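User: I would like to learn how to read a few features of a protein model. Could you walk me through them, with the general idea and then the case at hand?

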Amino acid sequence: MNLTLKDEILKRFLSANGEPLSVQQLGEEFGISRTAIWKHMQTLQDEGYTFDTIKKKGYVLVATPDRVDPPRISNYLATKRLGQSIHYFEDCTSTQTIGHELARNGAVDGTVIIAESQSKGKGRMARHWESTKGKGIWMTVIIRPNVLPHQAPQFTLVVAVAVVNAIKSLYKHIHPEIKWPNDILINGKKCTGILTEMIAEIDQVQALLIGIGINVNQQSSDFSEELQNIATSLSIEENESLDRAILIATILNYLEKYTDLYVQHGFSPIKILWEEASGTIGKRIRATTLREVIEGLAIGITEDGILEIQLDNGEIKRVYSADIELS
Ligand code: BTN
């Protein structure tokens, strides 16, 4: 992973799991002077990390700031590609915009861009995405699968399954459901949105930019008036403050696994996982597409991830992209 020396030292403290580390020992490990180690530890303290002194043994890390900086994420990663390169920003316009620029300049498969806040967070259909500082996960993952452009929308479903399973594996009181194609809801309120964009030639995807926005530690009052009745956060639902770095790493672990599954075996295994996590299938819905409004029963998704709606007259309509309201 592309960590600075300061971040490598932090990672070493994180993985020491409370065992004291001496400055002498760190200096030898990293091949730098004790003074240089000290300087990096001082910077970490300025950033909000707290070290306790253990007499004659060294230092232990006892508190970390509430930030999603790369060494904290990498401490929980079990991936080969996803998150092995992380670009971290305190503030940015949109991780999606930065992702486009990095992907065009050759960023490797699995590169992740994360920000504590975004001033121009983008949702689907050019909507604004509220990205309150330090409260959520605002990230873009660049992947470079060997697929055709028409397969790109299926990745939104792959990502939704990864996020749902990551949430379920970490928080026992939360029951997330996917609303086709890109929302994750808890008790009917939105906690996650996914935006999949691509850079492609006519017959080849060069990069997919997977934007994931998750409301994690907001309280109701942190949302704008417009969102208060329709949005929720994982913390509101779990009733405690949550560690965003662990959630990011867990999502990346699942996302790599499911991306590999998709590339090796196609959409079929993902379809099964998606159906298990879906809150759309079997419900009456209203789908607003660019051309029409369709009302009926959501009966399933096709082998390509396209939504099928049965109208009251029995006719079945296929929907490729739409805004969905559940009745
Ligand atoms: C939606 O539900 O409309 C999709 C929302 C996607 C938001 C995420 S936050 C990280 C990434 N950067 C952005 O500007 N948008 C996506």
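**Reading strands, turns and backbone angles**

Analyst: Gladly, and let us begin with one residue: Asp52 is partly exposed, because its relative accessible area is 37%, between the 20% and 50% cut-offs. Please keep in mind that this is a predicted model.

User: Where does Asp52 lie, and which residues is Asp52 in contact with beyond its neighbours within four places in sequence?

Analyst: Asp52 belongs to strand 1, which covers residues 50-54. Leaving aside neighbours within four places in sequence, its contacts are Gly58, Tyr59, Val60 and Val62. Strand 2 spans residues 58-63 and runs antiparallel to strand 1, with five bridges joining the two. One bridge pairs Phe51 with Leu61 in strand 2. For a sense of distance, Thr192 is 140 residues from Asp52 in sequence, and their C-alpha atoms are 37 Å apart.

User: How many residues lie between strand 1 and strand 2 in their hairpin?

Analyst: Three residues separate the two strands, and the turn includes Lys56. Here a general idea helps: most residues other than glycine have a negative phi, and most peptide bonds are trans. Lys56 is not a glycine, yet its phi is positive, about 65°. Lys56 counts as exposed because its relative accessibility is 85%.

User: Which residue in the loop between helix 1 and helix 2 can I look at next, and what is its phi?

Analyst: Look at Asn17, in the loop between helix 1 (5-15) and helix 2 (23-30). Asn17 is not a glycine either, and its phi is positive at about 50°. With a relative accessible area of 68%, Asn17 is exposed.

User: And the peptide bonds: which two residues are joined by a cis bond?

Analyst: Trp180 and Pro181 are joined that way, with omega about -5°. Pro181 sits in the loop between strand 6 and strand 7. That loop belongs to a hairpin, in which three residues connect the two strands. Strand 6 (residues 177-179) pairs with strand 7 in the antiparallel sense over three bridges, and Glu177 has Leu185 as its bridge partner in strand 7.

User: What pairs with strand 7 through four bridges?

Analyst: Strand 8, residues 189-201, does so, again antiparallel. Leu185 has Lys190 as its bridge partner in strand 8. So Leu185 has a partner in each neighbour: Glu177 in one pairing and Lys190 in the other, as the bridge-based pairing rule lets us read. Two residues lie between strand 7 and strand 8 in their hairpin, and Asn187 in that turn has a positive phi of about 45°.

User: How do I read the two faces of strand 7: are its side chains buried or exposed?

Analyst: The general idea is that side chains in a regular strand alternate between the two faces of the sheet. In strand 7 (residues 183-186), Asp183 and Leu185 are on one side, Ile184 and Ile186 are on the other, and all four are buried.

User: Finally, how do I read the protein as a whole: how many helices and strands are there, and what is its radius of gyration?

Analyst: There are nine helices and 14 strands. A compact globule of 327 residues would have a radius of gyration near 20 Å, so the 22 Å of this protein agrees with that. Along its principal axes, the C-alpha trace spans about 80 × 45 × 30 Å. Buried residues make up 51% of the 327. Among contacts with a separation of 6 or more, 62% come from residues 24 or more positions apart.

Terms used. Residues are numbered from 1 along each chain as its sequence is written. This is a predicted model: local features need pLDDT of at least 70, side-chain atom pairs count only at pLDDT 80 or more; totals for chains, interfaces and linings use all residues. Side-chain values use heavy atoms; hydrogens and water are left out. Buried means under 20% relative accessible area, exposed over 50%, partly exposed in between (1.4 Å probe, protein chains only). The radius of gyration is taken over C-alpha atoms; the globule rule is 2.2 Å times the number of residues to the power 0.38. Contact means heavy atoms within 4.5 Å.
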